[in-house]
Amino acid sequence: MEEKKSRKFNSEFRKNLKQKITKLSNKSDYVKIYKIILSELENKLSVNRNGIYFNINLLSDNTIEKINEIISEKTDTETINSESTKFKYETYID
């Protein structure tokens with residue numbers, strides 16, 4: 001009888017993570033994530049002129065954690081930067 005492995009991150013979390021990855025704008029972040037994925041999946045990537053594709057459900061929980069850390073760092077700094085550039089609304093008439 002085969003024992004079923006339990007995953008720390010479910011498919012919904014992985015789907016949300018994919019959405020966050022697509023919203024990244026810095027090429028170096030994509031390269032970091034690519035290297036992490038490549039170290040685990042190696043020859044299970046599909047490459048064509050439109051991009052690199054892989055099944056995110058094949059990634060281990062450890063790899064998902066590493067990718068999530070990169071995205072969390074990026075979104076935290078973007079939030080700080082966007083808050084500092086907000087305009088304050090002031091009326092001209094008191």
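**View 1. Leu59 in the loop between β2 and α3 of the predicted model.** In this model, which is predicted rather than determined by experiment, Leu59 is buried, because its relative accessible area of 3% falls under the 20% that sets the limit for this class. The residue belongs to the loop that runs between β2 and α3. Across the fold from Leu59 stands Ile37, and although their positions lie 22 residues apart in sequence, the C-alpha atoms of Leu59 and Ile37 are 7.6 Å apart in space.

**View 2. Ile64 and Lys66, two residues of helix α3.** Ile64 has its place in helix α3, and with a relative accessibility of 0% Ile64 counts as buried. Ile64 can be viewed together with Ile37, since these two are 27 residues apart in sequence while their C-alpha atoms are 9.1 Å apart in space. Lys66 also lies in helix α3, but Lys66 is partly exposed, with a relative accessible area of 41%. For Lys66 the partner shown is Lys32, which is 34 residues away along the chain and is separated from Lys66 by 9.9 Å between C-alpha atoms.

**View 3. The order of helices and strands along the chain.** The chain holds three helices and two strands, and when they are followed from the N terminus on, the elements run α-α-β-β-α. Of the 94 residues in this chain, 21% are buried.

**View 4. The salt bridge between Lys8 and Glu65.** Two salt bridges are counted in the model, and one of them joins Lys8 to Glu65, with 2.5 Å between the closest N and O atoms. This pair links distant parts of the chain, as Lys8 sits in the segment before α1 and Glu65 in helix α3 (residues 61-84), the two being 57 residues apart. The partners fall into separate classes of accessibility: Lys8 counts as exposed, at 58% relative accessibility, whereas Glu65 counts as partly exposed, at 26%.

**View 5. The salt bridge between Asp61 and Arg14.** Here Asp61 forms a salt bridge with Arg14, and the closest N and O atoms are 3.1 Å apart. Asp61 lies in helix α3 and Arg14 in helix α1, so the pair ties together parts of the chain that are 47 residues apart in sequence. Arg14 is a charged partner that is nonetheless buried, with a relative accessible area of 1%.

**View 6. The aromatic pair of Phe9 and Phe13.** When the whole structure is searched, one aromatic pair is found. The pair is made by Phe9 and Phe13, whose rings are stacked, with 4.7 Å from centre to centre and 25° between the planes. The angle explains the description, because planes under 30 degrees apart count as stacked. Phe9 counts as buried, at 12% relative accessibility, while Phe13 counts as partly exposed, at 27%.

**View 7. The largest pocket and its lining.** The largest pocket encloses about 420 Å³ of space, and its lining includes Lys18, Ile21 and Thr22, together with Tyr30, Ile33, Tyr34 and Ile37, as well as Leu45, Ile52, Tyr53, Phe54 and Ile56. The elements that give two or more residues to this lining are α1 (11-22), α2 (27-41) and β2. Among the elements, α2 gives the most to the lining, with four residues.

**View 8. A nonpolar patch on the surface.** Tyr34, Leu38, Val47 and Ile52 form a nonpolar patch on the surface, and together they have about 340 Å² of accessible area. Ile52 is found in strand β2, which covers residues 51-53. Ile52 is partly exposed, with a relative accessible area of 40%, and this residue is also one of those that line the largest pocket.

**View 9. Glu42 in the loop between α2 and β1.** Glu42 is placed in the loop that lies between α2 and β1 (46-48). Although Glu42 is not a glycine, its phi is positive, at about 40°. Glu42 is exposed, because its relative accessible area of 58% is over the 50% that the class requires.

Methods: Residues are numbered from 1 along each chain as its sequence is written. This is a predicted model: local features need pLDDT of at least 70, side-chain atom pairs count only at pLDDT 80 or more; totals for chains, interfaces and linings use all residues. Side-chain values use heavy atoms; hydrogens and water are left out. Rings of Phe, Tyr and Trp (its six-membered ring) pair if their centres lie within 6.5 Å; planes under 30 degrees apart count as stacked, over 60 as edge-to-face and the rest as tilted. Buried means under 20% relative accessible area, exposed over 50%, partly exposed in between (1.4 Å probe, protein chains only). Patches are made of residues with over 30% relative accessible area and no salt bridge: like charges are joined within 9 Å, nonpolar side chains (Val, Leu, Ile, Met, Phe, Trp, Tyr) within 5 Å. Accessible areas come from the Shrake-Rupley method with a 1.4 Å probe; for residues, only the protein chains shown count as cover. A salt bridge is a side-chain nitrogen of Lys or Arg within 4 Å of a carboxyl oxygen of Asp or Glu. On a 1 Å grid over the protein atoms alone, a cavity is a set of points where a 1.4 Å probe fits but cannot get out, and a pocket is an open set with protein on both sides within 12 Å along at least five of seven lines; lining residues have an atom within 4 Å of a point. Grid points are joined across faces, edges and corners, and a volume is the space filled by probe spheres set on the points.
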